[in-house]
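This briefing addresses the strand pairing and helix packing of the structure shown below. Please consult the sequence and the coordinates alongside the text.

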Amino acid sequence: MTPDAINRLVAQLAKLPGIGEKTAQRLAFYVLRSPPEYARGLAAALTEVVDKVKLCNQCFSLHDGPEGTVCSFCSDSRRDDRLVCVVEGIADELAIERTREFKGRYHVLHGVLSPLEGVGPDQLRIKELLVRLQGESPIEEIIVATNPDVEGEATALYLTRLLKPIGLKVSRLAQGIPMGGDLEFADQATLARALAARRDL
Amino acid sequence: MPPVGAKRLWVYVVALAMKLLALQYEHFRNLAQVTLEPSAHATIAVGENGQGKTNLLEGLYFLATLKPLRAGKLAELVAFGAPGARVTGRFLLQGAEREIAVDILPTGRTAFVDGKRAPSLDAYFGGVSVVAFTPDDLAVVRGGPDGRRAFLDRSVFNRFPAFLDESREYARALKSRNRLLKDHAPVSHLQAWDATLARVGARLWVRRRALMDELSTRAATAFQRIGRTVAPAVFDYQPSHLKDVVFATATEAELQQALLGRLDERLPRDLERGFTSVGPHADDLDISLGEHGARQYASQGQSRALVLAWKVAEIENLQASNGFLPLLLLDDVSSELDPERNAFLMGYLADSGAQTFLTTTDRAFVERASGADSRWLKVRAGEVTAL
């Protein structure tokens with residue numbers, strides 16, 4: 001019989017995405033065999049994540065500062081207040097940040113419109129985006145960086161219809177051939193979009 | 001007709017372009033473990049109903065198209081109690097041997113080319129083409145519009161494999177919009193789906209139009225060849241509720257604008273009824289005999305001849321566009337067709353030189369399509385043996 005403590009750990013680990021019962025067991029035994037400091041460090045890190053990391057109440061990125069402050073994206077004075085990039089999730093925000101090309105602010109929707117999964121505008125951080133635009137807002141352009149799939153496109157369109165009348169410039173990430181990609185290997189849909197969105201030289 | 005010798009040579013060249021060399025099924029429906037080497041021409045599975053004959057064709061069809069032959073869930077393709085199924089085919093394509101395989105899980109399918117995950121559907125489908133003829137097809141002419149749409153779309157997909165992804169994208173946008181209509185969502189949210197629906201919908205229209213341009217004349221000619229009906233067959237496709245543009249000549253961008261306009265215009269009605277009433281999903285394939293709509297006026301025999309003519313046209317058209325004949329699958333060849341039309345079909349198959357897979361309960365029905373090199377198989381309770 002395995003001790004209950006191990007069973008509980010395995011059960012918790014097996015809830016993680018991509019982790020099956022067997023892998024969970026392997027991980028649990030790894031923790032058990034490691035020096036106790038490792039397990040304590042892991043436990044502390046887990047607790048800290050849930051206790052400290054919150055969403056920034058301006059852009060809804062991750063934020064671990066004290067209550068009532070905004071995240072580093074929002075507070076960084078070197079960033080351009082006129083530009084806001086709207087993304088589906090944190091992972092997309094980080095992907096754009098890794099380019100080091102974008103120096104504006106962000107707004108994380110935490111999802112996309114998806115009627116089939118019961119997600120409507122009210123489930124996304126869209127109201128909060130509108131709040132940011134009220135009053136003496138410095139924001140001039142919104143870059144919609146949702147994915148180029150059916151839901152991402154609908155969300156982009158929804159935002160466009162909402163934001164354009166306010167007098168904002170609304171733009172969308174371009175779609176086309178990936179860098180270092182070969183034309184002959186590009187799929188038809190991508191090539192067709194790239195052709196449609198060609199630009200003058 | 002060319003001299004017999006010349007034709008033989010031509011058949012040989014065709015066989016080089018695409019040939020199925022071996023086929024393997026694992027846990028596909030009731031086929032636990034089946035391996036077979038088909039004939040270069042006719043491979044004929046004989047067996048009682050419910051033994052697994054159709055599963056042989058269903059597996060091959062899924063392998064070649066990634067679509068089920070009969071509508072249904074992926075889970076239904078997997079043998080009861082097995083976690084997943086796999087179908088593998090070894091093909092000779094343009095002179096090179098390729099192995100294509102598909103893994104089927106209840107949650108989805110994965111395509112492989114030569115043991116590696118296929119990077120794109122273009123790579124996967126490159127060079128494999130198949131036309132199926134099932135008893136369900138016989139009901140198409142006199143049945144409902146959805147059956148005819150599915151029938152048309154199978155042909156569009158066979159000709160333009162990219163249509164598979166495009167129609168899925170459309171279906172997803174349509175389902176989303178319909179859900180919102182039913183839920184009485186705010187119009188602002190609803191209209192967010194219209195642009196995507198119009199863009200992809202225009203694409204589907206253009207695809208169907210391109211197929212009809214190639215196929216409709218061929219099908220009318222084939223119908224004459226099958227004979228017994230004096231009135232000419234007309235196959236026509238026109239989007240319903242389309243206004244302001246001429247479908248035959250409009251550009252894709254014009255069609256997109258037109259569809260967007262109709263969606264907007266019909267929104268009050270759509271809201272009332274809870275579904276989207278315009279777009280490729282609401283169209284019909286018009287089939288008529290002379291002046292009369294075939295749906296109301298064609299006899300049982302005539303409507304089957306119309307389907308047969310369409311399939312023959314499709315085979316010829318694929319041969320013209322691909323440069324080689326598709327694989328032909330004929331499920332449950334039986335007394336459904338009258339003796340004369342059956343003789344035409346079997347004779348056509350034998351003369352075409354195509355690689356063919358037939359299933360039947362009685363070998364007498366297919367004798368005419370067989371030859372010295374035919375492979376006869378007996379199917380019984382999921383076991384396949386030489387007959």
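Which residue in S5(B) is the bridge partner of B:Leu93? In this predicted model, that partner is B:Ala96. The points below first place this pair in its hairpin and then turn to an open sheet in chain B.

**Strand S4 and its partners**
- S4(B) and strand S5 (residues 96-105) of chain B are antiparallel and share nine bridges.
- The two strands form a hairpin with two residues between them, and B:Gln94 in the turn has a positive phi of about 45°.
- Strand S1 (residues 18-28) of chain B also pairs with S4(B) in the antiparallel sense, over eight bridges; B:Lys19 has B:Leu92 of S4(B) as its bridge partner.
- Strand S4 (residues 85-93) of chain B is mostly covered, with seven of its nine residues buried.

**The six-stranded open sheet**
- Six strands of chain B follow the order S8-S12-S13-S3-S14-S15, with mixed pairing.
- Strand S8 (130-133) and strand S15 (383-386) of chain B are the edge strands, each pairing on one side only.
- On average, neighbouring strands of this sheet are turned by 20° against each other, direction ignored.
- Strand S12 (residues 327-330) and strand S13 (residues 356-360) of chain B are parallel, with three bridges; B:Leu329 stands opposite B:Phe357 in S13(B).

**Helices on the sheet**
- Helix H12 (residues 339-352) of chain B packs on the sheet and touches S8, S12 and S13 of chain B; its direction makes about 155° with that of S12(B).
- Helix H11 (residues 300-322) of chain B lies across S8 and S12 of chain B and runs at about 170° to S8(B).

Technical notes
Residues numbered from 1 in each chain as written. Chains lettered and ligands numbered in written order. Predicted model: local features only at pLDDT ≥ 70, side-chain atom pairs only at ≥ 80, totals over all residues. Heavy atoms only, no water. Pairing = 2+ DSSP bridges. Helix = DSSP H or I, 4+ residues; strand = E, 2+ residues; numbered from the N terminus. Axes fitted to C-alpha atoms, helices over the stretch in contact; angles between N-to-C directions. Contact = heavy atoms within 4.5 Å. Buried < 20%, exposed > 50% of the residue type's maximum accessible area, 1.4 Å probe, protein only.
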